[in-house]
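Biologist: Could you take me through one of the sheets close up, and then follow its contacts outward into the rest of the fold? I'd like the cut-offs as you go.

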Amino acid sequence: MESHQTNRRLEHELAEPRTNLDNRLLLPDGERGLGEDRAATLPGGNADFVFAAALINAPRYDAYAVALLDLATTPSRLLYSANGLRRHTDNTLTIFVPRAFLPAGRYRLVIYGLQESRRDVLATYTLRVPRN
């Protein structure tokens, strides 16, 4: 009975509008300057993130894929991936990431262009989440 109530509560929460989102335009690693640490620092706090990953001068593909990697391990550990994404008319791909999914650490978002059997890396975005 308790698991049924938990499921209903979670379904309700997912169906509700979300507030307190932190919208972040992400520029590819090579576009942010020549500093030693090219990581984009995300704010602390409890806000969820909506990443708009800019595809600057990237060729067009029929579909795209994303991978989110944890850089704390060697090799990097895959945390999330998705295929079949579409590019927006403003040349971004958007990804909603709950704040609880990214504890303090360093991460890399990788965007791939998908065409037939090919998977081409188009851009990488290094991110740093500070401790709260």
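Modeller: Start with the open sheet of 3 strands, ordered β1-β3-β6 with mixed pairing. A strand here is a DSSP run of E of at least two residues, numbered from the N terminus, and two strands pair if DSSP finds at least two bridges between them. β1 (21–26) and β6 are the edges; each has a single partner strand, so one side of each has no neighbour in the sheet. β1 and β3 run parallel and are joined by 6 bridges. One residue to pick out there is aspartate 22, which stands opposite phenylalanine 49 in β3.

Before going further, a word on what we're looking at: this is a predicted model, where local features need pLDDT of at least 70 and side-chain atom pairs count only at pLDDT 80 or more, while totals for chains, interfaces and linings use all residues. Residues are numbered from 1 along each chain as its sequence is written, and side-chain values use heavy atoms, with hydrogens and water left out.

Back to phenylalanine 49. The structure holds 2 aromatic pairs (ring centres of Phe, Tyr or six-membered Trp within 6.5 Å; planes under 30 degrees apart are stacked, over 60 edge-to-face, the rest tilted). Phenylalanine 49 and phenylalanine 51 have ring centres 5.6 Å apart and planes at 20 degrees, so this pair counts as stacked. Tyrosine 61 and tyrosine 64 form an edge-to-face pair, with 6.1 Å from centre to centre and 75 degrees between the planes. Phenylalanine 49 and phenylalanine 51 are both buried (under 20% relative accessible area; exposed is over 50%, partly exposed in between, with a 1.4 Å probe and protein chains only). Tyrosine 61 and tyrosine 64 are buried too.

From β6 (92–97), the chain goes through a loop to β7, and leucine 102 lies in that loop. Leucine 102 has a relative accessible area of 0%, which means it is buried. Leaving out residues up to four places away in sequence, leucine 102 touches Leu42, Phe49, Phe51, Leu68, Val97, Tyr107 and Val129 (contact means heavy atoms within 4.5 Å). Both rings of the stacked pair are on that list. Glycine 44 is 58 residues from leucine 102 along the chain, with 11 Å between their C-alpha atoms.

Next door in sequence is glycine 45, in the loop between β2 and β3 (48–54). Glycine 45 has 29% relative accessibility, so it counts as partly exposed. Glycine 45 touches Arg99 and Asn132, again without residues up to four places away. Its C-alpha atom is 9.4 Å from that of proline 130, which is 85 residues away along the chain.

Several of leucine 102's contacts take us to the other sheet. That one is open as well, with 5 strands in the order β2-β8-β7-β4-β5 and mixed pairing. Its edge strands, each paired on one side only, are β2 (40–41) and β5 (77–85). Inside, β4 (63–70) and β7 (105–115) pair antiparallel over 8 bridges. Leucine 68 has leucine 109 as its bridge partner in β7, and leucine 69 has arginine 108. β7 is also joined to β8 (118–129) by 11 bridges, again antiparallel, with glycine 105 partnered by valine 129. The two strands make a hairpin with 2 residues between them, and glutamate 116 in the turn has a positive phi of about 50 degrees.

What ties this together is the largest nonpolar core, with 24 residues (buried Ala, Val, Leu, Ile, Met, Phe, Trp, Tyr and Cys joined through side-chain atoms within 4.5 Å). Phe51, Leu55, Leu102, Leu109 and Tyr125 have the most contacts inside it. β3, β4, β6, β7 and β8 each supply at least two of its residues, and β8 gives the most, with 4. Another core, of 7 residues, lies apart from this one and includes Ala67, Val110, Tyr112 and Leu114. Over the ring of tyrosine 112 sits the charged end of arginine 119, 4.1 Å from the ring centre (NZ of Lys or CZ of Arg must be within 6 Å of the centre and within 35 degrees of the ring normal).
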